[in-house]
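The following report walks through the chain shown here, starting with its division into domains and then turning to a ligand shell and to selected strands and helices.

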Amino acid sequence: MTDTFPSPAPQAAIEITNLSKVYKGGKRALDNISLSIPRGQIYGLLGPNGAGKSTTINILAGLVNKTGGSAKIWGFDIDQNPRNAKNSIGIVPQEIVFDPFFTPFETLENQAGYYGVPKDRRRSMELLRAVHLEDKANAYARTLSGGMKRRLLVAKAMVHSPPILVLDEPTAGVDVQLRQQLWAYVRELNRQGVTIVLTTHYLEEAEELCDRIGIINHGKLITDKPTRELIAMAQEKVVQVTVDRDVATPPADPCFEKVELSDERTLTITYMKNRANAGQVLSAVQASGLAIVDVVTRDPDLEDVFLNLTAAA
Ligand SMILES: Nc1ncnc2c1ncn2[C@@H]1O[C@H](COP(=O)(O)OP(=O)(O)OP(=O)(O)O)[C@@H](O)[C@H]1O
């Protein structure tokens, strides 16, 4: 598939430089964002409600006019080369919008026509199969469930075989099983060389899927790092220690950030990994006269990082 993509094949699939957006009425939705999304990755754009994620994507889609900065899609500047920029990207919007009187097959054929894909190069049935809608090919779109409509939107975004697929909150309202199917397809596209950009509220989803994550808050990019590095930034660690007898008052120690009694014999201790390590924490428990029977640790996850970063910004 990759060799059918438009050239040049740049290092960055998307390059955003000092991008700003002030809406009519004065709302500054994006404040000087610079971001480079590497080719071939699954990139997650995260942020709380109203952070500016959809604004960023809508600028790339040509649906919202930026008020400052520039953006390149697959090396094509969205102002200087809008046609090639548009042909290089497929966008799955947050809102479900279809003409309800067309069937899924017709919807894809119409979209292919819009992009000027010749009839012999169209892949409508193949795409419907890929998103598990083959048996609905000739049903009216209005009879599809919400999850089916969303999968049809993904197929619709891929009719012109773009090298970049952007999904704006693709799994909102999609049940767990369909979500898994959707991600399996997205992963498959990525394996075929398609760069994926997605926005999501589901941190677990981003953590599981994305190679790299950018976090936007109040229109500013507050971090942009490989997922693993981001998770390593979480400083809070939690260790649960089961001891050999009932405890009335939990022990105190300077290396504990917080200590709670989860039950009579279980201490839940939070410590900062830049200031203490598990060995020190356990020694402190033993030094208080308690013998340790069991230890369970919990690794920090993206949620910890996200909360820390968005609270600090
Ligand atoms: N057409 C508009 N006119 C004025 N303000 C807008 C418009 N669209 C969005 N905004 C504002 O710009 C800010 C960013 O909105 P945006 O939709 O980009 O955020 P988001 O990160 O996608 O949020 P969500 O996850 O809720 O979709 C918000 O404060 C929003 O209210």
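In this predicted model, the domain assignment of the protein gives three entries, of which domain 1 is made up of two stretches of the chain, 2-88 and 162-230. The bounds are set out below.

| Domain | Residues |
|---|---|
| domain 1 | 2-88 + 162-230 |
| domain 2 | 100-159 |
| domain 3 | 233-312 |

Between the C-alpha centres of domain 1 and domain 2 there is a separation of 23 Å, and the contact between these two domains involves 10 residues of domain 1 and 11 residues of domain 2. On the side of domain 1 that touches domain 2, helix 6, which spans residues 176-191, supplies the largest share, with four residues. By class, that side of domain 1 holds six nonpolar residues, three polar residues and one charged residue.

The ligand is surrounded by Tyr23, Gly25, Lys27, Ala29, Gly47, Asn49, Gly50, Ala51, Gly52, Lys53, Ser54 and Thr55. Sorted by class, this shell has seven polar residues, three nonpolar residues and two charged residues, and its largest share, three residues, is contributed by helix 1, which covers residues 53-61.

Four strands form an open sheet in the order 2-1-4-5, and their pairing is antiparallel. Strand 2 (28-38) and strand 5 (76-77) are the edge strands, and each has a single partner strand, so that one side of each has no neighbour in the sheet. Strand 5 runs antiparallel to strand 4 (residues 68-73), to which it is joined by two bridges; in one pairing, Ile73 has Phe76 of strand 5 as its bridge partner.

Further along the chain, strand 12 (residues 258-263) and strand 13 (residues 266-272) pair in the antiparallel sense, with five bridges between them, and a hairpin of two residues connects strand 12 to strand 13. Within this pair, Asp263 is placed opposite Thr266 of strand 13. How many of the six residues of strand 12 are buried? The count is zero, and strand 12 is accordingly described as hardly covered.

Helix 10, made up of residues 302-312, contains Leu307. Is Leu307 buried or exposed? Leu307 counts as partly exposed, because it has 13 C-beta neighbours inside 10 Å, whereas a residue would need 20 or more to be called buried and 12 or fewer to be called exposed. The C-alpha atom of Leu307 is 9.7 Å from that of Ala234, although the two residues are 73 residues apart along the chain.

Conventions. Residues are numbered from 1 along each chain as its sequence is written. This is a predicted model: local features need pLDDT of at least 70, side-chain atom pairs count only at pLDDT 80 or more; totals for chains, interfaces and linings use all residues. Domain bounds come from an automatic or database domain assignment. Two residues are in contact if their C-beta atoms, placed from the backbone, lie within 7 Å. Ala, Val, Leu, Ile, Met, Phe, Trp, Tyr, Cys and Pro count as nonpolar, Asp, Glu, Lys and Arg as charged, and the others, Gly among them, as polar. A residue is near a molecule or strand if its C-beta atom, placed from the backbone, lies within 6 Å of it. Two strands pair if DSSP finds at least two bridges between them.
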